[in-house]
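Open the structure in your viewer and keep the sequence panel visible. The stops below can be taken in order.

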Amino acid sequence: MSGESVELLHIALPLLAPFRTAAGTHHTVEKLLVRVVTATAEGWGECPVGLGPGSVDSVGEARDALRTGDATAPPPATGALETARLDAELRTAGTSLASRLGATKTAVDAGVAIGIAPSVPALLDEVERRLGEGYRRVKLKIGPGWDVEPVTAVRDRFGGEVALQVDANGAYTLDDAEHLANLDRFGLLMLEQPLPAEDLEGHAELARRVRTPVCLDESITSEAQLDRALTLGACSIVNVKPARLGGLLTAKRIHDRCVNAGVPVWCGGMLETGIGRSANLALAALPGFTLPADLSASNRYFERDLTPPFVLDDGQLAVPDGPGIGVDPLPDVLDAVTVSREDVT
Ligand code: MG
């Protein structure tokens, strides 16, 4: 776009508590923020860093690609630039991102993702706390050695009414099919990404051998991969993450394809700050997002969020309705968390 300038900000926010998945433990959230300034507005996008598939490996990787206008830049980086440009354009037009995408909801059911805990009692304490905060769905991160036991404990303690699902982040193999079928008796909403991302055939076979609906996350990297997964019968639910797909507009097309195929979708998260959370909320307000999102209140992760905090209201988060993404970074927080900033135009 002519007349625009682009600034890249490397930020690092400490997490309130470490977050552990089958893929690793995180103490700090790193992002590359993209700030686009046009003659009439500024816009923001957020690129996740170091969170596995759907994020970039390092800030440098994303920054180098965006600095040089590399056509093969990783999808989370191009997605952040796309969102920042769209945000600036919509702010100028006075249109909210939610209405631009075709949102039909003004609030979204909030789910909470709970990492692999140090012990079962510690897990139960956290689930109790989150349910007390009003979250409408609980997702447990699982992995080999931490699956049937924690799910049993949560069901025993909180009953069968709690909307519960599990996410393996690709930590199992098809040899574990019989073991994973032990989860069938818990009435889980879904088993998310049990096998490695590239193994669509394995997921299709597993889906025939377990009754719990299989959801794909890391595997769905493009519209072509979605079509392949649906044709194979590799999943019956899809987790849509804009960063992994290279932006909101592709995410919307994935949503539309899933609606046409009768496949429910929900919006996943990548430890977003208020910038990314706001964009995800606009997406999650589309009609095909019929399952609770991994979109939590700001205080789930941060002492102070980058934006005015998102708070739960009866287990829901309001969809921002201001122009663009509807929120701005708080200058003092932004200053405090910025590691470096660079003008690339
Ligand atoms: Mg996942």
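The tour goes from the metal site to the sheet, the cores, two buried residues and the cysteines. Keep in mind throughout that this is a predicted model.

**Stop 1: the metal site**

Select the magnesium ion and display its ligands. The ion is coordinated by Asp167 (OD), Glu192 (OE) and Asp217 (OD), at 2.1 to 2.4 Å. Read along the chain, these donors have the spacing D-x24-E-x24-D. Now keep the two aspartates: they link distant parts of the chain, 50 residues apart. Aspartate 167 belongs to strand 7 (residues 164–167), while aspartate 217 sits in the loop between strand 9 (214–216) and helix 8 (223–232). Aspartate 167 and aspartate 217 are both buried.

**Stop 2: the sheet**

Switch to a cartoon view and colour the strands. An open sheet is formed by 7 strands, with parallel pairing, in the order 5-6-7-8-9-10-11. Its edges are strand 5 (111–114) and strand 11 (265–267), each of which pairs on one side only. Go to the edge at strand 5: this strand runs parallel to strand 6 (residues 137–141), and 4 bridges join the two. For a landmark, select valine 112, which stands opposite valine 138 in strand 6.

**Stop 3: the nonpolar cores**

Which residues of the largest nonpolar core touch the most other members? Select Leu97, Leu140, Leu183, Val238, Val240 and Leu283; they have that place among the 90 residues of this core. Helix 11 (residues 274–284) supplies the largest share, 6 residues. The core lies between domain 1 (5–94 + 329–343) and domain 2 (100–318), because both domains give residues to it.

Centre the view on valine 238. Leaving out residues up to four places away in sequence, valine 238 touches Cys215, Leu216, Ile220, Leu226, Cys258, Val263, Pro264, Val265 and Trp266. Apart from the largest core lies another, of 18 residues, including Val6, Cys47, Ala77 and Ala84.

**Stop 4: threonine 83 and valine 327**

Select threonine 83 in helix 2 (residues 75–93). Threonine 83 has a relative accessible area of 10% and is therefore buried. Beyond its neighbours within four places in sequence, threonine 83 is in contact with Trp44, Gly45, Leu248, Ala279 and Ile325.

Next, select valine 327, in the loop between strand 12 (316–318) and helix 12 (331–337). Is valine 327 buried or exposed? Its relative accessible area is 12%, so valine 327 is buried. Its contacts, not counting residues up to four places away in sequence, are Arg91, Gly274, Ser278, Thr307 and Phe310. To check a distance here, pick the C-alpha atoms of valine 327 and glycine 276: they are separated by 10 Å, with the two residues 51 apart along the chain.

**Stop 5: the cysteines**

How many disulfides does a search of the whole structure find? The search finds 0. Select cysteine 215 and cysteine 235 to see why this pair is not bonded. The closest cysteine sulfur to that of cysteine 215 is in cysteine 235, 7.1 Å away, which is too far for a bond; a disulfide needs the sulfur atoms within 2.5 Å. Seen from the other side, cysteine 235 is in no disulfide either, and its nearest cysteine sulfur is that of cysteine 215. Cysteine 215 is buried, at 0% relative accessibility. Cysteine 235 is also buried, with a relative accessible area of 9%.

Definitions and conventions
Residues are numbered from 1 along each chain as its sequence is written. This is a predicted model: local features need pLDDT of at least 70, side-chain atom pairs count only at pLDDT 80 or more; totals for chains, interfaces and linings use all residues. Side-chain values use heavy atoms; hydrogens and water are left out. Buried means under 20% relative accessible area, exposed over 50%, partly exposed in between (1.4 Å probe, protein chains only). Donors are N, O and S atoms within 2.8 Å of the metal (3.2 Å for Na, K and Ca); water is not among the atoms, so sites may look incomplete. A nonpolar core is a set of buried Ala, Val, Leu, Ile, Met, Phe, Trp, Tyr and Cys residues joined through side-chain atoms within 4.5 Å. Domain bounds come from an automatic or database domain assignment. Contact means heavy atoms within 4.5 Å. Two strands pair if DSSP finds at least two bridges between them.
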